[in-house]
Amino acid sequence: MYSSRVFGGCRVLMAAAKSTAKKVSVTTASSTPAAPKGILKVVPVSPALGEFLGVSEASRTDVVKKIWVHIKANNLQNPSDKRQIICDEKLKSIFDGKDKVGMLEIARLLSPHFVKAV
């Protein structure tokens with residue numbers, strides 16, 4: 001009822017659009033998985049961070065996860081402001097000896113602990 005008014009009574013059917021996408025060979029797409037890059041790449045860490053983690057190499061994501069596991073396990077978040085971390089001796093060793101660290105500071109404080117690739 002309404003379609004005839006909108007389209008002026010025209011009932012022409014259009015043909016389906018032809019696909020111009022190229023087919024990708026299955027063997028080239030799944031032959032070798034890509035190596036992790038960026039924050040997922042495993043790199044050597046500083047001795048202080050290595051002692052905290054118990055490993056000499058780690059990715060940035062794994063380091064942050066393990067730090068948060070330590071924070072949660074030892075109840076180190078400030079109860080009145082959960083964004084603030086109260087550092088114990090282990091965290092002070094990697095956070096430049098600070099007593100309290102903001103949640104958003106963690107990435108900046110961890111940056112010097114990752115060895116730069118040449």
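User: Before we look at any helix, what do buried and exposed mean here?

Analyst: Buried means under 20% relative accessible area, exposed means over 50%, and partly exposed lies in between, with a 1.4 Å probe and protein chains only. A word on the source: this is a predicted model, where local features need pLDDT of at least 70 and side-chain atom pairs count only at pLDDT 80 or more, while totals for chains, interfaces and linings use all residues. Residues are numbered from 1 along each chain as its sequence is written, and side-chain values use heavy atoms, leaving out hydrogens and water.

User: Thanks! Which residues of helix 4 are buried?

Analyst: Helices are DSSP runs of H or I with at least four residues, strands are runs of E with at least two, and both are numbered from the N terminus. In helix 4, the buried residues are Val63, Ile67, His70 and Ile71. They share one side of helix 4, because the arc they cover around the axis is only 100 degrees; that arc is taken from the directions from the helix axis to the C-beta atoms. On the face turned away from that buried side you will find the exposed residues Lys65, Val69, Lys72 and Ala73.

User: What do the buried residues of helix 4 pack against?

Analyst: Contact means heavy atoms within 4.5 Å. The partners are helix 3 (47-53), strand 2 (57-58), strand 3 (84-86), helix 5 (89-94) and helix 6 (106-110).

User: Could we zoom in on His70?

Analyst: Happily! His70 belongs to helix 4, residues 60-73, and counts as buried because its relative accessibility is 12%. Leaving aside residues up to four places away in sequence, His70 touches Phe52, Leu76, Asp88, Lys90 and Leu91.

User: Where is Gln77, and is it buried or exposed?

Analyst: Gln77 sits in the loop between helix 4 and strand 3. Its relative accessibility is 13%, so Gln77 counts as buried.

User: Which polar contact does the side chain of Gln77 make with another side chain?

Analyst: A polar contact is a pair of N or O atoms within 3.5 Å; within protein, one must be able to donate a hydrogen and the other to accept it, and residues adjacent in sequence count only if both atoms are side-chain atoms. The side chain of Gln77 has such a contact with the side chain of Lys72, at 3.3 Å. A polar atom of the Gln77 side chain also lies 2.7 Å from the backbone oxygen of Lys82.
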